[in-house]
Structure formats: structure tokens, C-alpha cells
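Me: I should like to go through how the parts of this protein chain meet. Please reason briefly in each reply and finish on the value or name requested.

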Amino acid sequence: MSESRMLIDGKLVDGEAGTFANINPATEEVIGDVADASQADILRAIDAARRAFDDTDWSTNLELRKRCLQQLGDALEGEKEALREELIREAGAPRAITYGPQLDAPLSDALKYPIALMDEYPWETDLGDAFVALTGQLTTRKVWREPVGVVGAITPWNFPFEVSIHKLAQALATGNTVVLKPAPDTPFHATRLGRLIAESTDIPAGVVNVVTASDHLVGEELTLSPKVDMISFTGSTPVGVRIMEKGAATMKRLFLELGGKSATIVLEDADFGLACAIGIAPCMHAGQGCANPTRMLLPRSRYDEGVAILKAIYENVSPGDPQDPSTLCGPVISAKQRSRVLGYIQQGIDEGATCLVGGTEPTAGFDKGFWVRPTLFVDVDNSMTIAQEEIFGPVLAVIPFDDEDDAIRIANDSVYGLAGNVMSGSVEHSVAVARRLRAGFVGLNGTSPYGAEAPFGGYKASGVGRQNGTAGFDQYTEIKSVSYPATSVEP
């Protein structure tokens, strides 16, 4: 059973605005109703998080935090299969992908890594004794790392559990309190987290609050409130820009993991069969991934060869029931998103790209749900809209390049800089090219640096800051430099 209630100040509660329906994007069926928060509800959650940070020992009690995160991990493991079914139904996530980045991968390390890092993290750094001319004293100097305070965590619908659990884990491990606001399209993973926190952990009341709302502007209270110290947001670049603008008035600390238009560079010395197989990535979860390599760059000398391989791949990938273990491409999340993707496809055709495969909604057997056929565009110029803007659908744009310098120029010719891939016959060659890419997350020869210990985030319009790794811990902390006379007893 899915949880319909929110978690505010340690209690599972209904929403003052009533409820709203959670829709299965594969069937358009209502899978359940969930609490719909009012402005007053989220203000209560913010107040609870503020009190929990200011009035409890959560921010300073390392052992309590470790124990509570372990309890949450154990509770999630106990409901893993129920959570899997829930993600398939509310996110349209193909079952196969839940055994990877949708569920099993983050469940394996999102909590375990921060728990281990808490014992190793440099909460205090000794700068040593020095004569400080400003005071004329021999002074002992230290640097302390302390939590930022109240974190507003705003999460998307495409990989909802993966993003939410990483945000919660690192924010809580570093001693912050949190108000979690999930996307209204995928609320049940978050309300489940709220229930498990309330019923299965010793996390004090108010340390974690989960607020679900159909109105996006309810979540904007997190950005506006002076009681919230930091916004941790994953989503689109336009919304990230709005958060920066609205948060400026209260000098919010920001972590923004935003959009991407990532490129795979296939060099002439690559194994083309292996290299072009990466072109299937935009079909995974219907292309609803910010780091998806939605541009593929092929050398002109082998362009026709690569296109033939990609055409064969795309002709053999069809959208399907996400419950089916063989499905790679499920539905997009909503009718609105379907219209958006189809609009980009038409724009690509209008601007002169060749739609070689797909380009429409599927027909037979798809009367219900939000579907788009995997779509392959070739003869794409990098200046075209489909090569520059994030589509968030199962669409690949194939672009020719003249030489290696041209490939790097094209890959970097984007407002985004989230991720990328380089395919080459040698590791040394791919490393040399990767060093020239303006992107934050680059896989070489079919690999990926994904994991809780690997910082994830982008350059340019792809965001500010990094999630995961010690860099993720750093962004959830403030830095305090302290000193005292060197002859004093250390405080």
C-alpha cells in the first residue's frame, strides 16, 4: 500500500488543500490519492525543520545521525520490492531499470557511503600554530565544518527515489534538517520515505519533513523563506534559474543539478559496433534522464557505417509495458511531456534534419498512456533546436564531424555541460579527448563514473555544485575558521 499522508514535525498528516491523484503514465489509471499541501502546510514544515535544527542536538550528534541513517537503510531494504512496484507504476520506470539506477543502485550505497564518510570527513582541520601579525600573538588556528541549517530539497519525477535518497542522505549525514518536496507526478516514493522515517527510525521530529503538493508554487515557499538556508534542487535549467533569482533575496546557498544535452564522441579508431550501441541510451526510460547522451558525433569518414548500425538498433526498439522485464522504453510521464517531445520532433523535421526512424506516437496497443516512439535523427547540424535544447524524450540526434578538434568543438558548443562519452580504440586517446570536454560527468569506452562516492553535476547551464562524494558533503556544510592563543587549553 502506498502512503497518502505527508510527514510534518514527526507526524503523518493530511493536506489542508485536500488530495490529488497520482496517475500511472502507462495506463492513465489513478493509482492512488496523496495529500495536497497548502501554503500553510509547507510553512509549518519549514518551522518544524527550523526548530529541529536550532533546538535539538541533531546537528552535533554524529552517532545519532549514523544510527538513524542505518535504521532508514534497513527499513528501505525491508520494503524494497514494494518500492520497486511503486516506482514502476508512478514513474513509468521499466522494471529492468529498477534493478539499476532507479532503485537497486542508489539503495546499495546512497546511505552506506555517507554513513562511512562521517567517520572520515574532516569536520576539523588543524592549521597549526602561527604568529599572527594582526594581533601580535602566537595563535592556534583550526577550521571547522558545520551544517548549513535547513535544506529545502526539491526533486524531479524522472528518477525520483534515486535523487531523493541521495539528497536526504548527504544533507542528514552532515547535520542539516530537511523539507523534501517531491514532484507532484511521483509523490509516493517520498511519502513512503516519510512513513519509514516516522515509524522505523529515531530521527527526531522535524528533522525530515515531506510535503506533497499539486501546485508547484507551494514548493516555492522553500526558496522564499528566510528560515531555509539552502535549496538542493534537481530539475530543469529554467526552474533552476528561477530558484536562483527568488533565492537571492535571502542569500540562499544553492545546489542545482540541471539540464543537459550530452554528446557521445565516436572517434575513428573506435569499435563502431560497440560505440554506436551507446546510441540506444536515449531510449532508456523514454529518454527521461538529464545525463542522457542525446547527441552522437560520428566521423564523416565512417558516418554512413555508424548510421546504418543506429538505424538497425532503433528499428528494433519499441516502447512497451514497463511491467515487462524486457522493456527498455516505457512511457513519458504525462500528456504534457508527450506533446513537448512530439513538438521538438516536428521542429527537427521543419529545420531540415532527417527523421530516419520513429517520430510519432505508437499506434496499435497504445490507446492509453503517454507514448513516443524511439526517434533517430540524422544529418543534424549542431545549430538545430534538437541539437541544442533538452528534449527529455527518446530522441537521438546524429551529427557528423570532420576531425577530432571539430568533434570537441561541437560537443562543447552547448549551453549545457552535464555529461558526455568518448569512444576510442585506446584508453589514452579517449582520456586525452575527455580532458578537453566542458562537462562534469564523462564516461570513456562504455563506462560510467556513477556511484555515491562520485561527484555528479555539470558545467555552465547544467548547474551549480555537485551531488555525492566529499564534494557533496562539502556543499551541505559551512566553514568556520577559529583561533585561540597557542598557550591556552584547547576549547
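Reply: A polar contact is a pair of N or O atoms within 3.5 Å; within protein, one must be able to donate a hydrogen and the other to accept it. The model is a predicted one.

Me: Which residue ranges does the domain assignment give for domain 1 and domain 2?

Reply: The assignment divides the protein chain into two domains. Domain 2 covers 263–444, while domain 1 is made of 6–259 + 462–482.

Me: How many residues does each domain bring to the contact?

Reply: Taken over C-alpha atoms, the centres of domain 1 and domain 2 lie 31 Å apart. The contact draws on both domains, and the count for domain 1 and for domain 2 is in each case 27 residues.

Me: What area do domain 1 and domain 2 bury between them?

Reply: The size of an interface is often given as the accessible area lost when the parts come together. Here 63% of that area is on carbon and sulfur atoms, and the total is about 2200 Å².

Me: Which three residues supply 23% of the area that domain 1 buries against domain 2?

Reply: No other three residues supply more of this area on domain 1. The three are P25, E28 and W157.

Me: How many residue pairs are in polar contact between domain 1 and domain 2?

Reply: The rule for salt bridges finds zero across this interface. For polar contacts, with both residues at pLDDT 80 or more, the count is nine residue pairs.

Me: Which helix gives the most to the side of domain 1 that touches domain 2?

Reply: Both α4 (95–98) and α3 (80–91) supply at least two residues of that side. The most, five residues, comes from α3.

Note on methods. Residues are numbered from 1 along each chain as its sequence is written. This is a predicted model: local features need pLDDT of at least 70, side-chain atom pairs count only at pLDDT 80 or more; totals for chains, interfaces and linings use all residues. Side-chain values use heavy atoms; hydrogens and water are left out. Domain bounds come from an automatic or database domain assignment. Contact means heavy atoms within 4.5 Å. Buried area is the accessible area (1.4 Å probe) that two parts lose on being put together, summed over both. A salt bridge is a side-chain nitrogen of Lys or Arg within 4 Å of a carboxyl oxygen of Asp or Glu. A polar contact is a pair of N or O atoms within 3.5 Å; within protein, one must be able to donate a hydrogen and the other to accept it, and residues adjacent in sequence count only if both atoms are side-chain atoms. Helices (H or I, at least four residues) and strands (E, at least two) are DSSP runs, numbered from the N terminus.
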